[in-house]
Amino acid sequence: MKSNQAGAEEESPAFGGQEVTVMAHCLLNPLTRVKGLEPLEFSPAGPTMQLPCPEALYLGTERWAVTRNQLDVPQFRQFCRSLIVHYADLLEMLAKEGVRVRVVGVAGSPSCGVQTTSFGYAGGRVHEAEHEHVPGRGIFMEELIGELERRGIPYEAEEVGKKCMNEAEFGSMPGIEPFMREERDRFE
């Protein structure tokens with residue numbers, strides 16, 4: 001998905017035509033992902049800017065998987081904006097020098113999804129929770145892109161990875177039935 005909400009800046013001779021890839025933290029450091037999620041294949045070329053991982057910093061590395069609707073609270077949004085401000089300052093300076101900004105998020109992420117995010121788990125006692133991937137941005141990317149737009153910084157935005165499997169896809173995996181039965185028994 002390409003987004004370029006602001007007018008294009010004139011390229012300066014210093015950096016004209018260069019691009020900086022601004023990426024979700026876990027694309028370079030998979031240790032910050034929720035335990036059990038595989039690293040995503042991503043190899044940036046050229047200059048990069050690794051954003052902080054808002055979920056790991058806010059909830060810790062021992063966190064449970066969460067959905068966008070769980071993170072969509074004023075405190076988490078404020079926390080995300082506090083993480084973004086200095087990165088946006090640098091991106092604004094680079095954009096004035098003619099550097100193109102390319103934002104890369106993570107498909108299905110409640111924080112870093114650009115085109116898809118997660119929705120569904122509504123809280124309560126710990127139990128097997130269902131969620132779905134829906135069109136939309138994660139909270140962190142929504143705040144980052146909103147800040148770029150407020151500052152008039154041109155950008156392109158995309159995501160890597162694929163959505164998590166839905167229940168039908170998960171249930172069709174060979175040998176999964178005993179595991180699913182065991183998990184159902186644990187929570188009943």
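What percentage of the 188 residues in the chain is buried? The share of buried residues is 40%. Keep in mind as you look around that this is a predicted model.

Let's start with the overall layout. The chain has six helices and six strands, and read from the N terminus the elements go β-β-α-α-α-β-β-β-α-β-α-α. As for how the chain folds back on itself, take the contacts between residues at least 6 apart in sequence: 73% of them join residues at least 24 apart.

Now find the sheet. Four strands form an open sheet in the order E2-E1-E3-E6, and the pairing is parallel. At the edges stand strand E2 (48-50) and strand E6 (156-160); each has a single partner strand, so one side of each is left without a neighbour in the sheet. Going from one strand to the next, the twist averages 25 degrees. As a reminder, strands of a sheet pair through backbone hydrogen bonds, and they can do that either parallel or antiparallel.

Next, zoom in on how the strands line up. Strand E1 (residues 19-23) pairs with strand E3 (residues 100-106) in the parallel sense, over five bridges. Within that pairing, Glu-19 sits opposite Arg-100 in E3, and Thr-21 has Arg-102 in E3 as its bridge partner. E3 also pairs with E6, again in the parallel sense and over five bridges. Here Arg-102 turns up once more, standing opposite Glu-156 in E6. So how covered is E3? Mostly: six of its seven residues are buried.

What packs on this sheet? Helix H3 (residues 74-96) does, touching E1, E2 and E3, and its direction makes about 165 degrees with that of E2. Helix H4 (residues 139-151) lies across E3 and E6 and runs at about 165 degrees to E3.

H3 and H4 also pack on each other. Two packed helices are described by the angle between their axes and the distance between the axes. For H3 and H4 the angle is about 45 degrees, with the axes 9 Å apart. That angle makes H3 oblique to H4, and the crossing of the two helices is right-handed. If you want to click through the contact, the residues on the H3 side include Phe-76, Cys-80, Leu-83, Ile-84, Ala-88 and Leu-91, while those on the H4 side include Ile-139, Phe-140, Leu-144 and Leu-148. Charged-looking names are on the list too: Arg-77, Arg-81, Asp-89 and Glu-92 are among the H3 residues, and Glu-142, Glu-143, Glu-147 and Arg-151 are among those of H4.

From there, move to the loop between E3 and strand E4 (116-119), where you'll find Ser-111. Is Ser-111 buried or exposed? Ser-111 has 1% relative accessibility, so it counts as buried. Its side chain joins that of Glu-55 through a polar contact of 2.9 Å. Leaving out residues up to four places away in sequence, Ser-111 touches Pro-54, Glu-55, Leu-71, Phe-76, Gly-138, Ile-139, Phe-140 and Met-141. You've met some of these already: Phe-76 of H3 and Ile-139 and Phe-140 of H4 also take part in the contact between the two helices.

Ala-107 is found in the loop between E3 and E4 as well. With 12% relative accessibility, Ala-107 counts as buried, because the cut-off for that is under 20%. Ala-107 and Gly-138 are 31 residues apart in sequence, yet their C-alpha atoms are 9.2 Å apart in space. Gly-138 is also one of the residues that Ser-111 touches.

For a last stop, go to the loop between E1 and E2, which holds Ser-43. Is this serine buried or exposed? Ser-43 is exposed, with a relative accessible area of 71%. Measure out to Leu-28 in your viewer and you'll get a C-alpha to C-alpha distance of 8.5 Å, for a pair 15 residues apart in sequence.

Technical notes: Residues numbered from 1 in each chain as written. Predicted model: local features only at pLDDT ≥ 70, side-chain atom pairs only at ≥ 80, totals over all residues. Heavy atoms only, no water. Pairing = 2+ DSSP bridges. Axes fitted to C-alpha atoms, helices over the stretch in contact; angles between N-to-C directions. Contact = heavy atoms within 4.5 Å. Buried < 20%, exposed > 50% of the residue type's maximum accessible area, 1.4 Å probe, protein only. Polar contact = N/O pair within 3.5 Å; in protein donor to acceptor, adjacent residues only side chain to side chain. Parallel < 35°, antiparallel > 145°, perpendicular 65-115°, else oblique. Left-handed = near helix turned anticlockwise from the far one by under 90°.
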